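Got your viewer open? Here's a short walk through the model, one selection at a time.

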Amino acid sequence: MRIKVDGSLCQGHNRCSALAPDLFVLDDFGFASPAGDGVVPEDRREIALLAVDNCPELAITVEDDDA
Ligand code: SF4
């Protein structure tokens, strides 16, 4: 599973990095992007999906590696 953040939608609410600071990084203005290459460790899949559900701007998507 890999995380993507649509930078045109992100409004910098910081909910994603509050939920999963290991999966998201914030820039100086609070806008998020995936940490590293965006790959989600197996044991962090549920929290990644929770971050998707908790983004008010629907800016976060995840795709399976084999998709
Ligand atoms: S929760 Fe959504 S809108 Fe807020 S910083 Fe994260 S990606 Fe951006």
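How many bridges join S1 to strand S4, and do the two run parallel or antiparallel? Select residues 60–63 for S4 and look across to S1: 4 bridges join the pair, and the strands run antiparallel. For one spot to zoom in on, Val5 stands opposite Ile60 in S4. Keep in mind throughout that this is a predicted model.

**Zoom out**

Colour by secondary structure and you should find 2 helices and 4 strands. Following the chain along its sequence gives the pattern β-α-β-β-α-β. The radius of gyration is 11 Å, close to the 11 Å that the globule rule gives for 67 residues, so the chain is as compact as a globular protein of that length. Along its principal axes, the C-alpha trace spans about 30 × 20 × 20 Å. Of the 67 residues, 19% count as buried. Contacts reach a long way along the chain, too: among those between residues at least 6 apart in sequence, 61% join residues at least 24 apart.

**Strand S1, side chains on**

Now show side chains on S1. They alternate: Ile3 and Val5 point to one face and are buried, while Arg2 and Lys4 point to the other and are not.

**The core**

Which residues have the most contacts inside the largest nonpolar core? Select Ile3, Val5, Cys16, Leu23, Ala51 and Ile60; the core itself has 13 residues. S1 and helix H2 (45–54) are the elements that give two or more residues to this core. As general background, nonpolar side chains tend to be buried together in soluble globular proteins.

Stay on Ile60 for a moment. Setting aside neighbours within four places in sequence, Ile60 is in contact with Ile3, Val5, Cys16, Ala51, Val52 and Cys55.

**The ligand**

Next, select the ligand and whatever surrounds it. You'll get 13 residues, the closest being Cys10, His13, Cys16, Ala32 and Cys55. By type, the shell divides into 7 nonpolar, 4 polar and 2 charged residues.

From that list, click on Ala32, which is found in strand S3 (residues 32–34). Why is Ala32 counted as buried? It has 25 C-beta neighbours inside 10 Å, and 20 or more is what it takes. Leaving out neighbours within four places in sequence, Ala32 is in contact with Val5, Cys10, Cys16, Ser17, Phe24 and Leu26. For a distance check, draw a line from Ala32 to Val62: they are 30 residues apart in sequence and 14 Å apart in space, C-alpha to C-alpha.

**Into the loops**

Select Gly7, in the loop between strand S1 (2–5) and helix H1 (15–19). Is Gly7 buried or exposed? Gly7 counts as exposed because it has 11 C-beta neighbours inside 10 Å. Gly7 and Phe31 are 24 residues apart in sequence, yet 7.6 Å apart in space, C-alpha to C-alpha.

Asn14 lies in the loop between S1 and H1 as well. With 13 C-beta neighbours inside 10 Å, Asn14 counts as partly exposed. Check its backbone: Asn14 has a positive phi of about 75 degrees although it is not a glycine. Most residues other than glycine have a negative phi.

Last stop: Leu58, in the loop between H2 and S4. Leu58 also has a positive phi, about 55 degrees, without being a glycine. Leu58 is exposed, with 11 other C-beta atoms within 10 Å.

Notes
Residues numbered from 1 in each chain as written. Predicted model: local features only at pLDDT ≥ 70, side-chain atom pairs only at ≥ 80, totals over all residues. Buried ≥ 20, exposed ≤ 12 C-beta atoms within 10 Å, placed from the backbone. Near = placed C-beta within 6 Å. Nonpolar A, V, L, I, M, F, W, Y, C, P; charged D, E, K, R; others polar. Pairing = 2+ DSSP bridges. Core = buried A, V, L, I, M, F, W, Y, C linked by C-beta atoms within 7 Å. Contact = placed C-beta atoms within 7 Å. Rg over C-alpha atoms; globule rule 2.2 N^0.38 Å.
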